[in-house]
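Student: I am new to this structure and should like to be guided through it by questions. May we begin once it is displayed?

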Amino acid sequence: VSSSLMRFLKSARNFNYTVKVLGRGQKWSGGDYMSAPGGGQKVRLLKEALQETKSEDQVLLFTDSYDAVFASGPKELLRKFQQAKHKVVFSSERLIWPDRHLEDKHPHVREGNRFLGSGGFMGYLSNIREMVSNWTGEDADSDQLFFTKIYVDPDKRKSINMTVDSRCRLFQNLHGALDDVVLKFEDGRVRARNVLYDTLPVLIHGNGPTKLQINYMGNYIPKSWTFETGCTVCQDDLRSLAALKDSEYPLVSIGIFIQQPTPFVSVFFERLLKLEYPKDRLKLFIYNQEPHHEPQVSSFLRDHGGLYQDVRSITPKEDMDSAAARDLALDICRKDADCDYFFNLDIEVVLKNEKTLKILIEQNLPVVAPMITRAGRLWSNFWGAVSAEGYYARSEDYVDIVQGRRVGVWNVPYVSNVYLLKAHLLRSQLKDSAVFTSHSLDPDMAFCHSLRSAGVFMFVTNMQTFGRILSTENYQSTHLHNDLWQIFENPVDWEERYIHQNYSRIMRDKLIETPCPDVYWFPVFSDVACNHLVEEMEHFGKWSGGGNTDTRIQGGYENVPTIDIHMNQINFEKEWQKFLVEYVAPITEKMYPGYYTKAHFELAFVVRYRPDEQPSLRPHHDASTFTINIALNQLGQDYQGGGCRFLRYDCSIQAPRKGWALMHPGRLTHYHEGLPTTAGTRYIAVSFVDP
């Protein structure tokens, strides 16, 4: 059953309506409504069905189903029908269609809409039978025109005893009335309210071009989501994977798309490996348009490609545009009879939840996206509404969904970046090979347009936290480890990659050590941060000579020289200051109460100690209020010896830990020396803060 019929039937079942579906499994030959009148097939099906029904005093409701939902039950509907004091009541419309010339023939109404809508009507069986008895039209003729001609003929109108529900007490057609209809949240249920006539219609119909609005309302009406209960339908019709052996899991084709220089690509592949799913039930399609990322893609494929059932990769040399690549990825799945799902995963997606793929499959929906957002922004990978031109429009509930105040599974008009699609759609509603290709639309908008045109629902779920999306703006690709420069643009990802895993526990678990008086020692950099910074400096390679003359500093004279490279030589000074402000200043202020720092520095540099170059540093003061000294490699593994001795206290730190920072006052009390490195190479990052 299609999702749209399912939605209608669920709302009917909720109120115990008895539903008979006409035309199920038959080919629709009633034309495509949106462009030209049609729908006659409905009248033929109704006429045939009425011949089998005998009881004359029965009241019958005839309605479209794909774009309709019930907001209330049969009792209220019958009461309102009887109050209308006619034998047949049609839904009403503000706009006349399909024949404007009949406008003047419509009877005037005291209040409300004059024109008849054929998407919903109800009446006594005998009267309806009389009304459709003269139907001899083709399936593609207009049902609305047929009923309108009966209605505007005074004799026929009287004989059948028909009227229109002008104030929308029974039926609400949304076309032409979008500004008049709002959601009304009641206790544990949701209705639509017509604010123009102050009525609560029973059946809501997204006729004509209002399909997206009925999808929006169907997320709530009649009680799919309420403030009291939250989501009531999110656990329905799930597909459990729990009992399956690995070999029985559905086969998923994962399409990975790299379209521009993007930070943290190697982290993306690390996460892909951790995705909880049997790898021999996954096929990978990797499209890379960006030469800059070839090393990361090829090293992933070299080290891990063999784990997957199949891998197909498109390199920058093949010069394929992204719409064509995305269509190709779908087509490979379409033609592979074993392909059960297509999972789209753009490179800028940070998928933190390792169960994402399983969760999406279990939702058992045609197309479903896990909601991801950009850290600290309202930007997400779905739209709550679409403008008339097909661009973003903000729905009333968008902010509540993005911020997690409303949690559920939402029917939306646009998803992007990461989503799961049932492969059978590619062999049915999406047979056309150009799903992403369009002359006027971006591939992602073309994709969603293709889905909407084919009547395929897309959903976004925020039932769990799934991850976030990277910003690809201001990504510099001129360095060896460009991710180091991402502290401003993607601070959360920068922290996860480069800050020590125990850093956040420092205060709570009292991890700060005091190896010497007023000298504090705490973890700050991850192993990766230390390695990247060292490799970046060696890649740059212009180490100072270690002499007293130094043109890089004010005055050009260095009293206690080291062999080093300054942060500003690799254009890293702004990022380094941000690091000091975010991760060092809070600890300074905690350990030296009453001292506040903006982490100003004139000198920040990486020092290299080698036995045959410069092994040690004679006793000296630093030109700072306080100094930060971070060990960038490992004693024993990378070098022997080294450390720092404070002369006044005759106290040494002899076994520096990689990634840990020493923080100490620069002058007066903390006269200190660098102890000799006896083997290997030792690297430290030093900052003289507040000179």
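Tutor: Before we start, one definition is required: a residue is buried under 20% relative accessible area, exposed over 50%, and partly exposed in between. Please also bear in mind that this is a predicted model.

Student: Is E276 buried, exposed or partly exposed?

Tutor: The relative accessible area of E276 is 28%. Buried requires a value under 20% and exposed a value over 50%. E276 therefore counts as partly exposed.

Student: With which residue does E276 form a salt bridge?

Tutor: E276 lies in the loop between α8 and β13, and its partner lies in helix α11, 82 residues apart. That partner has a relative accessible area of 22%, so it is partly exposed. The N to O distance of the salt bridge is 3.9 Å, and the partner is K358.

Student: How many residues apart in sequence are R271 and E496?

Tutor: The side chains of R271 and E496 meet in a salt bridge, at 3.1 Å from N to O. E496 is partly exposed, because its relative accessibility is 38%. R271 belongs to helix α8 and E496 to helix α14, so the pair ties together parts whose separation is 225 residues.

Student: Is K658, the salt-bridge partner of D527, buried or exposed?

Tutor: The closest N and O atoms of D527 and K658 are 4.0 Å apart. The pair links helix α15, which holds D527, to the loop between β34 and β35, which holds K658, 131 residues apart. D527 is partly exposed, with a relative accessible area of 45%. K658 has a relative accessibility of 14% and thus counts as buried.

Student: Which residues are joined into one network by salt bridges that share partners?

Tutor: A search of the whole structure gives 42 salt bridges. Salt bridges with shared partners join one network, whose members are R271, K352, R468, D493 and E496.

Student: Why do the buried residues of helix α14 lie on the same side of α14?

Tutor: Helix α14 spans residues 491-498, and its buried residues are D493, W494, R497 and Y498. They lie on the same side because the arc they cover around the axis is only 110°. In general, an α-helix has 3.6 residues a turn, so residues three or four places apart point the same way. The reason asked for is thus the arc of only 110°.

Student: Against which elements do the buried residues of α14 pack?

Tutor: Among the buried residues of α14 are W494 and Y498. The buried residues pack against α8, β16, β25, α15 and α16.

Student: What is the arrangement of the rings of F257 and Y287?

Tutor: F257 is in strand β12 and Y287 in strand β13, 30 residues apart, and both residues are buried. In addition, R326 lies over the face of F257, at 4.2 Å from the ring centre. The ring centres of F257 and Y287 are 6.2 Å apart and the planes are at 55°, so the pair is tilted.

Student: Which residues form one aromatic cluster?

Tutor: F572 and W576 form a tilted aromatic pair, 6.3 Å centre to centre with 50° between the planes. Both F572 and W576 are buried. The cluster consists of W485, W494, Y498, Y503, F525, F572, W576, F579 and Y583.

Student: What percentage of the chain is strand over residues 600-691?

Tutor: UniProt, in an unreviewed entry, lists residues 600-691 as "domain: Fe2OG dioxygenase". Over these residues the end C-alpha atoms are 8 Å apart. The helix content there is 0%, and the strand content is 53%.

Technical notes:
Residues are numbered from 1 along each chain as its sequence is written. This is a predicted model: local features need pLDDT of at least 70, side-chain atom pairs count only at pLDDT 80 or more; totals for chains, interfaces and linings use all residues. Side-chain values use heavy atoms; hydrogens and water are left out. Buried means under 20% relative accessible area, exposed over 50%, partly exposed in between (1.4 Å probe, protein chains only). Helices (H or I, at least four residues) and strands (E, at least two) are DSSP runs, numbered from the N terminus. The arc is that of the directions from the helix axis to the C-beta atoms. Contact means heavy atoms within 4.5 Å. UniProt positions are given in the numbering used here, feature names are shortened, and annotations may be inferred rather than shown by experiment. Rings of Phe, Tyr and Trp (its six-membered ring) pair if their centres lie within 6.5 Å; planes under 30 degrees apart count as stacked, over 60 as edge-to-face and the rest as tilted. A charge sits over a ring if NZ of Lys or CZ of Arg is within 6 Å of the ring centre and within 35 degrees of the ring normal.
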